[in-house]
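These are my notebook entries on a single chain. I set out to look up ring contacts, helix packing and burial.

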Amino acid sequence: MVGQSPLQLIESPLAVIGFNALFNDLANIDQVEASLYRGDCLTASSPLNASFSDLYKQCANRVVESNNLTAQQIAVIVINANNSENSKEVIDEVIEGAAQAHFSYETVAHLDEALNRSAQIIKNNGHIAVLIITASLSTQTHNVSQSTISFDEHFDGYASLQGAACLLLSCESFVQENNSVCYSTITNMTTGEHADIEAIIAQSLKTESLSGEEINALEVSACINNQLNELEQKALITAYSAFNGGKKLTTAISCQKSVLGDNGALSELMGLIHSVISLQQRYRPAVKGWDSPSVALLDQWVDSPFYLFNQAAPVFPTISGKARINALSLMTVHTYSHLLLSEPLGNAVHQNGFNHNSKQSLFIVGAENEADLLIKLTQVMEQLTIGKKLKTFAKKLYADRADCVYKVVLIAESIEELQKELQLSLIGVKTAFAKNSDWKTPKGSYFTSQPEKDAKTAFLYPGIGATYVGLGRDLFHLFPEIYPSVIALADNIGASLKDELLNPRSVVSLGFKELKQLDLELRNSLANIAECGVGYACVFTKIFEQVFKLKADFACGYSMGEVSMFAALGCWQTPGLMSARLANSDTFNHQLSSELRAIRKLWNLPDIKDGEFEQIWETYSIKGSAEQVNASIKADERVYVTIVNTPDSLTIGGFPEDCLKVIKRLGVRAMPLNMANAIHSEPAYQEYDKMLALYSMSVTERIQTKMISSSCYLPIPQLEKAIAVSIAKCLCQSVDFPRLINTLADKGSKVFIEMGAGRSLCSWTDKILKTNAIDNNRVNENHVNENHINENHISVPVNAKGTDDQLTYARAAAKLVSFGVDINLESFFSGSLLVQVN
């Protein structure tokens, strides 16, 4: 390569039609991918007691079998085959029991050579697929505590692990002939010397007519060698900046070494596989322990197109409709290569095994009565042994389940944790039967002694105030089934879901203070949180309807949750229009929020410039009843009861000084909510006609769910005018949430699922129905004949800030299953990245 210009070594696209990997304690690609997505350092706790040949067979067989191929259809290339076991005879048996040898076999030193040879083999014979495979069985394994990379100022080394990986490549015609699945396409690989890295990257991008901003994520080598490390950083920053037109924060940096460590040739191949998976699975990977670039290069990083996430985040279709592109920066000892990968076009579901392979497992134990249930729990306890595979055990219990009256659902991520949950359940189940109550643990295991198989279900749509930075970032990976229907909601679903606000980009890790400030800025933009709240209400609803196969009998919305309800349940023909209307709404951008011009006009206050802040409105949460508070507000005070949350707690809003006078008069403590918007108050009626127009949209055919209005507390006809009037009135009047919940309870609802951020509605629902039960017991003791609202119910949150989404949904499933609600749990017990070819 000395003295040569950069070479484009891949002339025709190479289709990636399969991949697999295994490492210490990770048995397959689905477990490896789950670990890469979460971003935690993998530790070499269990050595791989296997030979190279065994590792090759274990790794390759699944890929070959999933593609339904024979040995003679596959050429094998082994990277860094410097071990005596790596003989041709061993490799010929990669497919166990193969009657014929592989098409060909050879060894190379590095990934760039393997890809170059693959391209040549496939060019000469389009009926052949090429399997690139490598392994590491180093006995010098070690662990590190921080999952970061050598670009980090505080980097202190990589882990060293054992493992194997393989990648299966073919041409496009082979994909069609064999009905294979193309996970992504390698469209370009340009290679040269270290001295020419900038030119190599420039030629690679220029060949594909790409700008730097069109690269979704860049997988880097981040070598431990300081000289190579700095060389790669500087070249990437310079080359990408030249192709990016001065734009910043457009390309995510990723590196599998932060999780899997530095394992020589195995890391080279895993870098490519990581890039393929994140592209096909539609997310931007994280470097979880990332802090900041080195001080010497910080300014260059800040001015670059790059950013890093500490947690993986979803990626949505480009506005242009073009395929997303990932890149791989491949640094070897002597050469540098820049690879470009293109995603498969289309919006099909890309299945995975992330939920199944996540940390938590569900263990369902059922019986017809208390005695049998306790016996079964004891039997499960006796079956636990050290080394037992929890996922397999959980799946067996699920497969053996019967339609029993009583079900205990345990959540655990280790044998020790399951033993603890089981011990607690033996006591908790007895208590629950004795008290006609439920039992739950801090982990989320759940049992109720009062299941209601035919209970009515109500979806509760919360207001917009609970939206926060980081909301919903794992949902599309946990439940890939929802992707096509969600992106169909709007032309630019990323903008509608406020991707850049919820997943802020930075080259320096954002600390608690920075994230808190971003949360505050988000909450102070009524239009942004309204649009985002509506979008994620649709996401949460589609998870329950499409994944869990559960549809609501009733629904209601709290505050602007009423808008979310109509959009999420599919009442409007084009719900995406609502996102655009909210984003451009003068009512929510300037009149009732931000500058609060409608309020200024009403109160004869001078106007201010767009974006200028002057606090003339604050919202406070206080204790007290609506009657008590209204009685304390004087006629000349600009204070309004905006929302009644429970019989003894509510919010007031208005001019801050007047609000504080009322609060002092009441003698109660108040918590300011930092929400300067004037909805749910008399002044909001100034914008009533504009809101009517805003929410008037063509409706779909009538849905089955009965929707209850928070303005009249009656079912809303699915008519354009009726919906618009209901929402406009709701946003101009005080909300009485207890009345809403009592209306749903009177209609038979006993399962309440909160379709939004937080669990406030669940907490308030529990308190409202408990208060009703206490009041009804008093009434019954006095022999007064009134309708009795049964307190037997469950409330189920689907999002909790600071709690892993997978654990939140495991807890939700545990409650619903034990209560007797029929939901589809398949995603907890099965699923894989690899698609079986028929």
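**Entry 1. Charges over rings.** I worked throughout with a predicted model. I began with R638, which lies over the face of F655, at 4.0 Å from the ring centre. I then turned to R401, whose charged end sits over the ring of Y398, 3.8 Å from the ring's centre.

**Entry 2. Aromatic pairs.** I searched the whole structure for aromatic pairs and recorded 33. One of them joins F459 and F544, with 6.2 Å from centre to centre and 65° between the planes, and I noted it as edge-to-face. Where do F459 and F544 lie in the chain? I found F459 in strand β19 (residues 456–461) and F544 in helix α20 (residues 526–547). The two are 85 residues apart, and the pair links distant parts of the chain. I also checked burial: F459 is buried, and F544 is buried as well.

I next looked up the rings of Y558 and F737. Their centres are 5.5 Å apart and their planes stand at 85°; an angle over 60 degrees counts as edge-to-face, so this pair is edge-to-face. Y558 belongs to the loop between β20 (554–557) and α21 (561–568), while F737 belongs to helix α29 (residues 737–746). I noted a separation of 179 residues, and this pair too links distant parts of the chain. Y558 and F737 are both buried.

I then asked which residues the ring pairs link with F459 into a cluster. I listed F479, F544, F548, Y809 and F828 together with F459.

**Entry 3. Helix α20 against helix α21.** I looked up how these two helices pack. Their axes are 8 Å apart, and the angle is about 50°. Because of that angle, I entered α20 as oblique to α21. The crossing of α20 past α21 is right-handed. Which residues make the contact? From α20 I wrote down G533, V534, A537, C538 and T541; from α21 I wrote down V563, S564, A567 and A568.

**Entry 4. E531.** I stayed with helix α20, where E531 is found. Is E531 buried or exposed? Its relative accessible area is 4%, and buried means under 20%, so I recorded E531 as buried. Not counting residues up to four places away in sequence, E531 touches A495, S496, K498, S579, L582 and A583.

**Entry 5. The surroundings of α21.** I counted how many residues of α21 are buried, and obtained 8 of the 8. I therefore described α21 as largely enclosed by the rest of the structure. The buried residues are G561, E562, V563, S564, M565, F566, A567 and A568. What covers the buried residues of α21? The cover includes the strands β19, β20 and β25 (706–708) and the helices α20, α22 (576–583) and α28 (720–732). I also looked at what follows α21 and found G570, with a positive phi near 80°.

**Entry 6. S726.** I ended with helix α28, which holds S726. S726 has 4% relative accessibility and therefore counts as buried. Leaving aside neighbours within four places in sequence, I found S726 in contact with E562, S709, S711 and I716. I had already listed E562 among the buried residues of α21, and α28 among the elements that cover them.

Key:
Residues are numbered from 1 along each chain as its sequence is written. This is a predicted model: local features need pLDDT of at least 70, side-chain atom pairs count only at pLDDT 80 or more; totals for chains, interfaces and linings use all residues. Side-chain values use heavy atoms; hydrogens and water are left out. Rings of Phe, Tyr and Trp (its six-membered ring) pair if their centres lie within 6.5 Å; planes under 30 degrees apart count as stacked, over 60 as edge-to-face and the rest as tilted. Helices (H or I, at least four residues) and strands (E, at least two) are DSSP runs, numbered from the N terminus. Buried means under 20% relative accessible area, exposed over 50%, partly exposed in between (1.4 Å probe, protein chains only). A charge sits over a ring if NZ of Lys or CZ of Arg is within 6 Å of the ring centre and within 35 degrees of the ring normal. Axes are lines fitted to C-alpha atoms, for helices over the stretch in contact, and angles run from 0 to 180 degrees between N-to-C directions. Angles under 35 degrees count as roughly parallel, over 145 as roughly antiparallel, 65 to 115 as roughly perpendicular and the rest as oblique. A crossing is left-handed if the near helix is turned anticlockwise from the far one by less than a right angle, and right-handed if clockwise. Contact means heavy atoms within 4.5 Å.
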